[in-house]
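Visitor: Could you walk me through this structure and show how each label follows from its cut-off?
Guide: Gladly; let us take the labels one by one.

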Amino acid sequence: MAVAASLANSAAVAERKPARFALARRTILTPVLLSLLLLAIALITVMTGSRPFNQTVIDVFVRVILVVGLYIFIGNSGVLSFGHIGFTCLGAYAAAWLTINPMMKRGSLPGLPEWLLATRLPYWQSAVLAALFAALAALIFGRVLMRLSGIAASIATFAMLAMINTIYSNWESVTGATSSVVGIPIVRVIWPYLIGAVVAIFIAWAHAISRSGLALRAARDEPTAAAASGVDIPRERLVAFVVSGAVMGLGGALMAHSIGVVTPDTFYLGLTFITLSMLVVGGMGSLSGGVVGVLLLSALIQALRWLEAGVSLGESTFALPKGVQEIALGVIMIVILALRPSGLMGNRELTLPRSSRNK
Amino acid sequence: MLQILFDALSLGSLYALGALGIALIFGVMRLVNFAHGDVIAFCVFALLWPSTDAMAIVFAGQLPWYLLVPFVLLCGAGLSVLCEIVVFRRFRQANPATMMIASFALGFVIRYFLLMLFSSRPKSISLLPELSQPVEILGARLPLLQLITIVATMVILIGLTLFLRQTRFGLEMRAAAENFSMARMLGVRANRVIMGAFALSGALAAAIALIFGAQTGTLDIQMGASIMLMAFIATVIGGLGSLGGAVLAGFLLGAASVIMQVMLPIDARPFRDAFVYGAVILVLLFRPQGLIAARGTKERV
C-alpha cells in the first residue's frame, strides 16, 4: 500500500521534476553500495592473483547479473518466472554466433545466414547485441504471456523455457543441437564481468524508481487498487519483462565468454533453480536481497566444495564424502527459509543506517 | 490406430497420476511440491540395496508382486509424510514462492542423498519381467504392461474417487481443499488432513515409480524430473487444486504428445515438445484459471 500511495503522490506532482530526483537521491545509495561491495571483491581477487579464485569470482559476477535480471521482473511484479533462463540461453547463443571465428562457424554451424557467418565482433559488442536480441524475444513472448497472472503466468513462462530448450537442443545446423558449441573467445579478465554486474544493478535500480517500476510494485502489492488508479498491469509487466530479458541476455553472453562453451542444457532447469533460490533466499522483493543471496550461496557452495576436496587439520586430512555438498546446501537453504520466510533481506534494501528511515 | 490410443492412454496415465499427487497437496496447503519427482525416484531406488557399483543389487525388487507393491507404496507414503513433518510443517504460513523453493531444496537433498548411496550411473533392473510379453487385442499387439498401466490407473482413480466421496476422511480433505480456514473452524483437524494428503500423494508417486520402472527397465536419479514437469503443467492446465481437472489434463497432455508424434511431419518431430508446450501456453491464454477451475482458489478482494 505504501508503494501505491507513493505512486499516487508521484502522479500528483508529475509536472514538478524535483519529486523524481528526490526519489532517485533517496535511493541511489543502494546501487552504489552494492557496486562498491562488488568492486571490493574484484580488487581482493586481483590482489590475490590466484587463477581458480579469479574464475570463481567471475562466475559469481555472472550470477549476480542473472539474479538481478530475475529480480527486475519477479521482485517488482511478484510473478514467479521460471522462464528467464531461456533468455540467458538466447543471449549466450547469440554471443556464440557473433564471436566465433568465421572459419569454425562454417564447419560447425552451417545453417546460419550468410551475413552472420561472415561477422566476427569483439565480445563487448556481441554482448550488447545479445542483450538486445534477448529483449526482442522477451517482447514477443511477453506480448502473449503478460496477459496471464499468478501461477498460470509462472507455468506459461516455464513452457516458454521448455520450448526454447527443445528448439535449441534439436536445431542441428544453427545451434549444434545438444553437442557443445566451442570456440567462443574466453575472457579471463575480471573487469568486464564487474562492469556487467554494476550495469545490471543500475538498470534494476533505474527501473525500480521509474514510473513504470513504481506502478508495477503498486500492482504487486494491491492489484485491485492499482488497476483502479489507472495502472495498466499487463503493460507495466511487459516493460519489466523486456528490461529483465535484456539483462538476462547480457548475463548469458558474458557467461558464454567466461566458460567458452555453450550447450542448451547449461541453460535449463539446474541454472533456473539455482538462480531462483539465490533470489528467494536473499529476499525476492529487494535488489540488495538478490545480490546478497548470490554472494552468500556462492560462498557457501565454494566453502563446501573446498571441504569436499579435503582440508588438512594438523596431521589428518578431513574431507566430506561426495554429495554432502549438495545435501548441506539444500538443508541450509531450508533452514534459512524456515527462519526467514521472506528471505534474508525481506523487502528492505541495503543503505546507510541513517537513511533507512526514509525507505 | 488402436496402438496410438493405447500409447496415449498409458502415457496419459502416468501424467495423470503425477498431476493428482501434486494437486492433492496443492489443494490442502497451496504448496507446489517440486520434491514430488524426487519422491518418485526414491521409491524406485527403494527396490535396490545401496551400492555404488554399476551392477544393481536387487533387494526388495525380488519380492513377489503382492509384497512388492505394498512395500513400494509404503515407502512413498512414508517418505512423503516424513517430508511434511520435518520440512513443510514449518512453512504453513509462508508465501507460495518460499514454499516452492523450499520444496525444491528438499528435492535436491533427496536426489543427492540417492546419488551418494547409488552413484549417478543409470542402473538396469528387470522389474516384473512377466509383464513385458505382448498380448493381442482386436488385431493390435500391445505389451501387457501397457494394459496393466491403464487398468491400474483406472482402479486407482476409481478407488480415490470413492475414498474422497464416501469416507469421512475424504470429505474432510475435500472440505480442506475448498476452504482451509473454514474447514478448520468446522472441526477438521489440519495436521491429520495434511498428513493424509501427503501420504496419498507419496503412494501415488510410488505407483508411478513402479509403472515407470517396469516400463523402462532402467533406474535413473533424474527419472522423476521429466514426468514431474508434465504433471506439474497438467495440474495447472487442469485448474490448480481441482483433482478432476488434473486427471483430465494429464490424459490430454499424454494424448497431445502421442498424437503430435504421429501427425507431425518427420522434420518437425524432434521439436514435438516445443509444440506441446506451445499448446500449453495457448490453453492458458484462453483459460488462465484452468480447464476445471477449482472453487476457493479465486482470490477475494
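What follows is a conversation about contacts, helix packing and burial in two chains.

Visitor: What kind of model is this, and how are its parts numbered?
Guide: It is a predicted model, in which local features need pLDDT of at least 70, side-chain atom pairs count only at pLDDT 80 or more, and totals for chains, interfaces and linings use all residues. Residues are numbered from 1 along each chain as its sequence is written, while chains are lettered from A and ligands numbered from 1 in the order in which they are written.

Visitor: How many residues of chain A are in contact with chain B, and what makes a contact?
Guide: Two residues are in contact if their C-beta atoms, placed from the backbone, lie within 7 Å. By that rule, 32 residues of chain A are in contact with 33 residues of chain B. Helix 9 (150-170), helix 15 (269-282) and helix 17 (324-339) of chain A each give at least two residues to the side that touches chain B. The largest share, 10 residues, comes from helix 9 of chain A. By class, this side of chain A has 23 nonpolar, 6 polar and 3 charged residues. Here Ala, Val, Leu, Ile, Met, Phe, Trp, Tyr, Cys and Pro count as nonpolar, Asp, Glu, Lys and Arg as charged, and the others, Gly among them, as polar.

Visitor: What counts as a helix or a strand here?
Guide: Both are DSSP runs, numbered from the N terminus: helices are H or I with at least four residues, and strands are E with at least two. The secondary structure of chain B comes to 11 helices and 4 strands.

Visitor: Why are helix 9 of chain A and helix 11 of chain B called roughly parallel or roughly antiparallel?
Guide: Helix 9 of chain A packs against helix 11 (residues 272-286) of chain B at an angle of about 160°, with the axes 8 Å apart. Axes are lines fitted to C-alpha atoms, for helices over the stretch in contact, and angles run from 0 to 180 degrees between N-to-C directions. Angles under 35 degrees count as roughly parallel, over 145 as roughly antiparallel, 65 to 115 as roughly perpendicular and the rest as oblique. Helix 9 of chain A and helix 11 of chain B are therefore roughly antiparallel. Their contact includes A:A159 and A:M163 from helix 9 of chain A, and B:Y277 and B:I281 from helix 11 of chain B. By class, this contact has 12 nonpolar, 2 polar and 1 charged residues.

Visitor: What makes the pairing of helix 2 and helix 8 of chain B oblique?
Guide: The axes of helix 2 of chain B and helix 8 of chain B come within 8 Å and cross at roughly 55°. That angle falls in none of the named ranges, so helix 2 and helix 8 of chain B are oblique to each other. Residues of this contact include B:V39 and B:C43 of helix 2 of chain B, with B:A205 and B:A209 of helix 8 of chain B. The residues of the contact divide into 8 nonpolar, 3 polar and no charged.

Visitor: How do you know whether A:V292 is buried or exposed?
Guide: A residue is buried if 20 or more other C-beta atoms lie within 10 Å of its own, exposed if 12 or fewer, and partly exposed in between, with C-beta atoms placed from the backbone. A:V292 has 22 C-beta neighbours inside 10 Å, so A:V292 counts as buried. A:V292 is found in helix 16 (residues 287-309) of chain A. Leaving aside neighbours within four places in sequence, A:V292 is in contact with A:G282, A:L344 and A:M345.

Visitor: And what makes A:G230 exposed?
Guide: A:G230 has 10 other C-beta atoms within 10 Å, so A:G230 is exposed. A:G230 is found in the loop between helix 13 (223-228) and helix 14 of chain A.

Visitor: Why is B:R30 called partly exposed?
Guide: B:R30 has 17 other C-beta atoms within 10 Å, which lies between the two cut-offs, so B:R30 is partly exposed. B:R30 sits in the loop between helix 1 and helix 2 (36-45) of chain B. B:R30 also has a positive phi of about 55° although it is not a glycine. Most residues other than glycine have a negative phi.
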